[in-house]
Amino acid sequence: MTTLAWPVIAMLAAVATGGGACGNSHVECVATADRLDKQESAMVKLSPIAREALCVTKGAARIGERVTQPTMRAFAHETSGDAAALTFTYRGETVHARALASGQERRQLGLKLRAANGCNLVYVMWRLDPKPKLDISVKYNPGMTTHKECGASGYTKVAPIEHAAVPPLVAGDIHTLHAEIIGDQLIVWIDDQPSWRGTLPTHARELSGPAGLRSDNLAFDLVAFSALQGTTTSQASADRRCREEDSD
């Protein structure tokens, strides 16, 4: 069983009662740097994902190599989607850009958690526009599995209970983005520093799938990807294969 540091326990208790420095859990507030600095590092041990275990469903990516295509989607076989970490060296924007189905042309990269399919999953994205920030969302479309069915529908943005400033991405810099789901809470670290904490909507409990990666219009060296080991129920029942998917 995962054991949380006492500051995290106190925060979760405050959220459950609607109290604490941030008040109502649905109201965004910014915690002081001092409070965030007191949080311990990640709670669970992740395992490095081997090259052959990374299934790329759109674009091209290989652990230890550079991602250069404007759209990249991938997941890791035999992983639990409750925690993952991406280590990368930022290289700038891709030569060509591609807009999302919504028409937006975002610059971002990040993690997919509980990724049952392209219609049902949790996103933890490091966005650059209009300024660097962590963008957390749950995509939930019951009964749908393909982009043709769900498109850009079913997104719920998740506001932070507390968060810290996100550093800008500078070409040549290496960073690690790490996220864990603990109960209904999502906690995110950047370079081992607590950076975001919030409560997922209750329908996120119904999601089950592996951990994965996503990037849009950014080039980077995929230094490493780590996740919890284990096969999820959705993987076992659906016998998910590695194949190209028409995703956003």
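**Exercise 1. Locate Arg114 and describe its backbone and its surroundings.**

*Step 1.* Arg114 is found in strand E6; strands (E, at least two residues) and helices (H or I, at least four) are DSSP runs, numbered from the N terminus. This is a predicted model, in which local features need pLDDT of at least 70 and side-chain atom pairs count only at pLDDT 80 or more, while totals for chains, interfaces and linings use all residues. Residues are numbered from 1 along each chain as its sequence is written, and side-chain values use heavy atoms, with hydrogens and water left out.

*Step 2.* Look at the backbone: Arg114 has a positive phi of about 50° although it is not a glycine.

*Step 3.* Check the accessibility. Arg114 counts as buried because its relative accessibility is 11%; buried means under 20% relative accessible area, exposed over 50%, and partly exposed in between (1.4 Å probe, protein chains only).

*Step 4.* Widen the view to the strand. Nine of the 10 residues of E6 are buried, so E6 is largely enclosed by the rest of the structure.

*Step 5.* Set Glu78 beside this. Glu78 has a positive phi of about 55° and is not a glycine. Its place is in the loop between strand E4 (71-76) and strand E5 (79-93), and with 53% relative accessibility Glu78 counts as exposed.

**Exercise 2. Find the strands that pair with E6.**

*Step 1.* Apply the rule that two strands pair if DSSP finds at least two bridges between them.

*Step 2.* E6 pairs with E7 in the antiparallel sense over seven bridges. A hairpin of two residues joins E6 to E7, and the bridge partner of Leu109 in E7 is Trp126.

*Step 3.* E6 also pairs with strand E14 (residues 212-216), again antiparallel, over five bridges. Here Gln108 stands opposite Asp216 in E14.

*Step 4.* Follow the chain past E7. Pro130 lies in the loop between E7 and strand E8 (133-139), and the peptide bond that joins Asp129 and Pro130 is cis, with omega about 0°.

**Exercise 3. Count the disulfides and give the handedness of each.**

*Step 1.* Take pairs of cysteine sulfur atoms within 2.5 Å as disulfides. The count comes to two.

*Step 2.* In the link of Cys119 and Cys150 the sulfur atoms are 2.1 Å apart. The torsion about its S-S bond is -85°, and the link is left-handed. Cys119 sits in the loop between strand E6 (108-117) and strand E7 (120-127), and Cys150 in helix H3 (residues 147-150), 31 residues apart. Both Cys119 and Cys150 are buried.

*Step 3.* In the link of Cys55 and Cys242 the sulfur atoms are 2.2 Å apart. This disulfide is right-handed, because the torsion about the S-S bond is about 105°. Cys55 lies in strand E2 (residues 54-58) and Cys242 in the segment after helix H4 (233-238), so the pair ties together parts that are 187 residues apart in sequence.

*Step 4.* Compare burial within that pair: Cys55 is buried at 0% relative accessibility, whereas Cys242 is partly exposed at 45%.

**Exercise 4. Work out the geometry of the aromatic cluster around Phe88.**

*Step 1.* Set the criteria: rings of Phe, Tyr and Trp (its six-membered ring) pair if their centres lie within 6.5 Å, with planes under 30 degrees apart counted as stacked, over 60 as edge-to-face and the rest as tilted. A search of the whole structure finds three aromatic pairs.

*Step 2.* The ring centres of Phe88 and Trp126 are 5.8 Å apart and the planes stand at 80°, so this pair is edge-to-face. Phe88 is in strand E5 and Trp126 in strand E7, so parts 38 residues apart in sequence are tied together.

*Step 3.* Phe88 also forms an edge-to-face pair with Phe220, at 6.1 Å centre to centre and 80° between the planes. Phe220 lies in strand E15, so this pair ties together parts that are 132 residues apart in sequence.

*Step 4.* Put the pieces together: Phe88, Trp126 and Phe220 form one aromatic cluster. Phe88 and Phe220 are buried, and Trp126 is buried too, at 0% relative accessible area.
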